[in-house]
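Here are my notes on the model, point by point. Please read them with the structure open.

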Amino acid sequence: MQERQRAILATAVLADSFSVTYARLREVFGSSPADGTLRTHVSRLRSALGADAVPDTQDRIVHLCIPKENIDYWQLRQLSARAKGMLPQERVVPLREASALWTGQDPLSNVGTVRLDAEIEDLNDLGRRAFADLIRTELLLEEAEAATVSAASAVEFWRADEELAGLLWKALAMVGRSHDIRRDVEKLERAVSRNGGSLSKEIRREARDLEALALTRDCEARPTHSPVPRQLPMASATPVHGRAAELARLDALRAEETGPRLATVSGMPGVGKTQLTTYWARTSEHHFPDGTLYADLHGYSANEPQAVEGVLARFIRALRGDPRQLSGDELTAEYRSLVSERSALVILDNALSLDHVRSLLATGARNMTVVTSRSRLLTPDTIAQVRDIVLAPVELEAGFEILRHTAGSDLVDSDSFAARALARRCGGLPLALTLVGSQARRRHPHGLKFLAEELDAGRLLMDIGASAGTAGLREVVDWSMKTLTPQARRVLQVMAVHPGPSVRADQLSYLADLSTHETLRAVDQLLDSSLAIAAPPNRFALHDVIRERLTDLVPGAEATIDVTCVRDRLLGYLLWAGVIADKALNSGRELPVPAPDPNAPLPELKDEKAAMVWFDQEHTTFLNVLRSPAYDQQPFNWLLPAVLCAYQTRAGHWTAAEGLLKSARDADKSTLADPERLWADAVTLRLLALIQRKRGLLEPAAKNLESSILRCQEGRFGLDEAHAHQLLSVVREDLGQWDSVVTHSTMACELYQEHQDHRGVAHALNSLISIDLGNGEPGRAIARGPAALSAAEHARDNYGMGAIHRNLVRCLQELDRHTEAISHAEAAIRLYEVGAPANEAHVQAQLAESYRRLGRRAEQRSAVERAVALLDRLTDKRDRDRELLRELKHDLALLGCGDS
């Protein structure tokens, strides 16, 4: 990113509104660049950050759509503000987080020559105040070592600042470091003289007094025993990102005055447990003057788990004890005796089980123990007062920063789009991000784009970064699987084959061919090992990295399942359960589905709401099945889209539905007999037309309905022909072709009456209501209403009743009978509230109009707000939805309740 673009970004970020005008940018630059030049800089900034972050406003304003919590400046302000008014022991946590955000560079030093003097001064003052408040708080809490570290950092950033220097000297005096005070006074003198000044008499006197105090403390604190153990491994080259909340929880536990202080850090392979814990331990060691003990227990690794007795002996020697004549419980007793009166930090890394760490826990009141494991070993159920920290994958922005650090900022900034794609592909796992970043750095001439393209083309993430002597993702994941029971391994492989984002326990039992008890025990083990994720309600999921490793394993010799059998069972389950849900939605369709497997865990869906919830949970699974060549089987390739149609129509998944039904229309149906093949084609064409009408594609919808009618006539499918005529009448109404509307409505009504189909009669009468209204006869249309509603109620067709009420609202509004119109609109809304947001939004707009005509302003505003909220949430908006949304937002502006 060039200096000018960084300057634009900085100016916008520092503005409260995250917006900056071109006029303000000219002031900042101290020149008058043309609009075209500024637009070019903004366009390049958009390319670097993404169109979502820098939308194209076209109005000589640069606006950023970046959460404030992602900006260090705003985080610093928020943390500093939060610290005000807190008690000292609470205040120190946000102040440490705030100070950690200060990088030490001069603010805005990389934006070139700009006129942002006030902003730079404000930034400097903000950072300086955060450090000063932190140091004072640490001194107040008598955390002298911590205050020394904080103050030393501060004076490096603001070398000539006498106030910060005085705070450093106070901290040094409290820990007896008189020589360091003298050296810092000399440094301060040099810095002040470079600026043409000299130290005041007051500051010199303060330095002498504090140096004398330090000499006294130095004599009192002179050690009389051997050096304390500091056993932490070498620091990771990759800094910790995105873990502020977890670090704060560890800090809060350390600050507690009652013991024992115990914490577990658990999570899936590669999520960064060791990195987080050792980073925190390194920054907190000064709070534990008697040392830091560390052991890698090898619970999940290529090595055998470490023997507890060996670790105890090593810890005892570090604490100046003698373990040579001890064994078993004697080792534990000696270790606890030595550590109980000390203030020590114990890190037990990569533990396998509770028994693996029980004897190693430091139980003294001044100690703290942190255990890392893929299993949740220590919970309040096993040991009271434990702090249980479960690490989730990091957010995308934190992942991007890890990649930026490991691959190099220049490489990542040169192609931020590819970098973000790689960060997403790594799924928030710091290990994956580090391996990918290191690989990208080694391949620097090829850039990030080629690595991203390799992964898109099928290269496994598991293959990235592994080398001789270094564990890659494959090895790290496999270490977790080697401890699984055969049943847990089987369930895990079924979860990998299942194409949905999550799966219910009863489905897993059916697909894995295990008993409920066996499945639940297996799921518990997978959850305990952090290989599976709980996804309420009663569903379970896999991280993409785990799924990738298992997908690579399952076709091979290590597979414990028959993949074809699992897929066949899943197809059957989706079809049988989908038909149950479709019937609960009152679609009226009867599909040629074979009798279900009596062992299949089919849902019991009592009403439409339950059916919509079931489809919501399983919709992605349906989509992935229908889009995968592995599941392309007759007759599922056309039956499953038909099963989905009623749900997708109501939920607004129209684009997805159209694609599936087009594939179903073109699918091979050669295994079907002629009448059945004709019927399948007729039904598929009609359902496709239904979705196309929803999307406003009226001419293709009419063409498909005409083809459906011809097939129905050829096969003598009278009821399905009636359905096609009825829908075609609605399409012709949308096209304003009223003669054709009358023809097809009449034919549909006759066929429905012949087949005694109440649902069809209701829809046909509703079309005749539309015809009467179109012919300027709203009174006649209203007279048809009771018969239409009665037929729909007889058929228990709530969706159809909603459509009739909606049509009657139009008729009553034509006659200015708004009180009655409101009654019908409210009835339609009650019927549409379950899974039909687009329809409800349009009725809410009708309702608002009647309220407006009656002068009921508050109720009008409420209806408009509800309609806007519904339309805003639609993922698949039609042109008429967008047009209505614009009109309603304009109405809200006039009502004084929203943006225009």
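**Notes on the predicted model**

1. Confidence overall. This is a predicted model. Its mean pLDDT is 86, and 94% of the residues reach 70 or more. Among the elements, β8 has the highest mean pLDDT, at 96. Helix α10 (residues 201-221) has the lowest, at 75.

2. A stretch to treat with care. Over residues 219-225, pLDDT stays under 50. The model has 0 contacts beyond four places in sequence for these residues. Where pLDDT is low, predicted coordinates should not be read in detail.

3. The sheet. In what order do the 3 strands of the open sheet lie? The order is β8-β10-β9, with antiparallel pairing. The edge strands are β8 (503-504) and β9 (533-534), and each of them pairs on one side only. Strands β9 and β10 (residues 539-541) run antiparallel and are joined by 2 bridges. For A534, the bridge partner in β10 is F540. As background, strands of a sheet pair through backbone hydrogen bonds, either parallel or antiparallel.

4. Salt bridges, whole structure. A search of the whole structure finds 48 salt bridges. In general, side chains of opposite charge can pair when their charged atoms come close. Three pairs are taken up in the next points.

5. E397 and R420. These two form a salt bridge, with the closest N and O atoms 2.7 Å apart. The pair links distant parts of the chain, 23 residues apart: E397 sits in helix α16 (residues 396-407) and R420 in helix α18 (residues 416-425). Are the partners buried or exposed? E397 has a relative accessibility of 32%, so it counts as partly exposed. R420 is buried, because its relative accessible area of 15% is under the 20% cut-off.

6. R686 and D720. Their side chains meet in a salt bridge at 3.3 Å, N to O. This pair also links distant parts of the chain. R686 belongs to helix α30 (residues 674-694) and D720 to helix α32 (residues 718-734), 34 residues apart. R686 is buried, at 8% relative accessibility. D720 is buried as well, with a relative accessible area of 14%.

7. R882 and D879. Here the salt bridge lies within one helix, α40 (residues 879-894). The closest N and O atoms are 3.2 Å apart. The residues are 3 apart in the helix, so about one helical turn separates them. R882 is partly exposed, with a relative accessible area of 39%. D879 counts as exposed, at 61% relative accessibility.

8. A network. Which residues are joined by salt bridges that share partners? R128, D133, R136, D161 and E163 form one such network.

9. The S770 site. S770 lies in helix α34 (residues 758-774). Its relative accessible area is 4%, so S770 is buried. The side chain of S770 makes a polar contact with the side chain of N807, at 2.7 Å. Leaving aside neighbours within four places in sequence, S770 is in contact with E733, W738, N807 and R810. N807 thus appears both in the polar contact and in the contact list.

Definitions and conventions
Residues numbered from 1 in each chain as written. Predicted model: local features only at pLDDT ≥ 70, side-chain atom pairs only at ≥ 80, totals over all residues. Heavy atoms only, no water. Helix = DSSP H or I, 4+ residues; strand = E, 2+ residues; numbered from the N terminus. Buried < 20%, exposed > 50% of the residue type's maximum accessible area, 1.4 Å probe, protein only. Polar contact = N/O pair within 3.5 Å; in protein donor to acceptor, adjacent residues only side chain to side chain. Contact = heavy atoms within 4.5 Å. Pairing = 2+ DSSP bridges. Salt bridge = Lys/Arg side-chain N within 4 Å of Asp/Glu carboxyl O. pLDDT = per-residue confidence, 0-100.
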